[in-house]
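Colleague: I have a few minutes before my next job finishes, so could we go through this model together? Please put it up and start with whatever I need in order to follow the surface.

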Amino acid sequence: MAALAASCLSTRVAAHGPTTDLRLADLRKLVLDQSEQIQPRLYESEASDRGAQGERGIFEPAFVAGADYQDTLRPNNRQQTAQLGFFARPTFAERNTLYNAGLEFLLGTGARVRTGYALRDLNNNSGASATTSPASVGRQYETFVGISATQPLLKGGGIDATTAKLRLAALASSVAFQEYRRQVFLALASAEAAYWDLRLAQEQASITADSLATAAKVLADNEARLDVGKGSALDVVQAQAAVSSRKARVAQARQTAFDYASRLSSLYSQFTGADAALPKAVDSPESAAPAPAAMASYQMAFVKHPAYMLRQQQVS
């Protein structure tokens, strides 16, 4: 019976595997950093925010440059020949090269402003005499330096039309952020509830282990009294039944604590294999602060509740 008593006492500290102390504040940080429920929402919020920032780039200046080459050879009709008069040629030949470069801006009104430089290299046979070889044509240059503006008056004009995509991207970013806040609150609430469930299961396992140790001590005393003739066999049998019942309760309590520890680990994506250290709740519940008045709670919900703010953003 001494071996049984020692076995009963050892069940108080026995566990399914190694444990690590976990405080509630550390749990919150682990959930925020590692929870698979929060991370996708966080990435979506960041992507939407970057998309909104990218939409603001429509007002940034853009450098544009281009070059066009034109090679034309066609016969002149009678009207063109008559207009050319003395310098009329049977064919018209030109080889023009057009260059342009500059900066383009988009204004809030939808106007596009361009400032830059343009060069036209014109090479054709207009004005050449009849004795001039078709391959020998005249060359002229035209340049332009200045600012040009194009303002739509109907479609695409106005601040609302220009900033429509910008406002939609900002709205999508705000909605994604509220979804992220909502998921954070849900994950933290689930983690804290699981933490206190684990704490309760640990206390219940400790109480049942104490009860088992007490039952084992009573059994040892009854056996000793039976050996010296001061006790009955019935007392020993009853004590053995009590020990067996309490051992079953201890096993059940330990299994419950193990299940809660595994569930808590899954909330912050902790590996729960055979060699993994399960969390052990070490904080004790504190007295709750007085609940705010109902009207104050309503007002706070209208300002901070993510579900309400999400619907408000979608409606607006």
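Modeller: Before the surface itself, a definition: patches are made of residues with over 30% relative accessible area and no salt bridge, with nonpolar side chains joined within 5 Å. Please keep in mind that this is a predicted model.

Colleague: Fine. Which residues make the nonpolar surface patch?

Modeller: Met-295, Tyr-298, Phe-302, Val-303 and Tyr-308 make it, and together they form a patch of about 570 Å². Helix H8, residues 294-304, contributes the largest share of that patch, with four residues.

Colleague: Take Met-295, then: where does it lie, and why does it count as exposed?

Modeller: Met-295 lies in helix H8, and it counts as exposed because its relative accessibility is 53%, where the cut-off for exposed is over 50%.

Colleague: And the surface as a whole, how much does the chain expose?

Modeller: The exposed area of the chain is about 20500 Å², of which carbon and sulfur atoms supply 57%.

Colleague: Before I go further, where is the confidence lowest and where is it highest?

Modeller: The average pLDDT over the chain is 81, and 85% of the residues score at least 70. Helix H1, residues 2-10, has the lowest confidence with a mean of 41, whereas helix H2, residues 24-34, has the highest, at 90. Over residues 1-15 the pLDDT stays under 50, and for that stretch the model has 17 contacts beyond four places in sequence.

Colleague: Changing topic to the interior: what is in the largest nonpolar core?

Modeller: It has 19 residues, and those with the most contacts inside it are Leu-22, Leu-27, Val-31, Ile-38, Tyr-195, Leu-264 and Tyr-268. Helix H2, helix H6 (164-227), helix H7 (233-267) and strand S6 (278-281) each supply at least two residues of this core, and H6 gives the largest share, eight residues.

Colleague: What does Val-31 touch?

Modeller: Leaving aside residues up to four places away in sequence, Val-31 touches Ile-38, Ala-187, Leu-188, Ala-191, Leu-267 and Tyr-268. There is also a second, separate core of seven residues, among them Leu-212, Leu-219, Ala-239 and Val-250.

Colleague: How much of the chain is buried?

Modeller: Of the 316 residues in the chain, 27% are buried. As for contacts with a separation of 6 or more, 73% of them are between residues 24 or more positions apart.

Colleague: Now the charges: how many salt bridges does a search of the whole structure find?

Modeller: The search finds nine. One of them joins the side chains of Arg-28 and Glu-192, at 2.8 Å from N to O, and this pair links distant parts of the chain, with Arg-28 in helix H2 and Glu-192 in helix H6, 164 residues apart.

Colleague: Why is Arg-28 called partly exposed?

Modeller: Arg-28 counts as partly exposed because its relative accessibility is 33%, and Glu-192 is partly exposed too, with a relative accessible area of 25%.

Colleague: Which strands do Glu-142 and Arg-120 lie in?

Modeller: Glu-142 lies in strand S5 (residues 138-150) and Arg-120 in strand S4 (residues 112-124), so their pairing ties together parts that are 22 residues apart in sequence. The closest N and O atoms of that salt bridge are 3.1 Å apart. Another salt bridge pairs Arg-95 with Asp-71, with the closest N and O atoms 3.8 Å apart; Arg-95 is in strand S3 (residues 91-106) and Asp-71 in strand S2 (residues 62-75).

Notes. Residues numbered from 1 in each chain as written. Predicted model: local features only at pLDDT ≥ 70, side-chain atom pairs only at ≥ 80, totals over all residues. Heavy atoms only, no water. pLDDT = per-residue confidence, 0-100. Contact = heavy atoms within 4.5 Å. Patch = residues over 30% accessible without salt bridge, like charges linked within 9 Å, V, L, I, M, F, W, Y side chains within 5 Å. Areas by Shrake-Rupley, 256 points an atom, 1.4 Å probe, with all protein chains shown as cover. Salt bridge = Lys/Arg side-chain N within 4 Å of Asp/Glu carboxyl O. Buried < 20%, exposed > 50% of the residue type's maximum accessible area, 1.4 Å probe, protein only. Core = buried A, V, L, I, M, F, W, Y, C linked by side-chain atoms within 4.5 Å.
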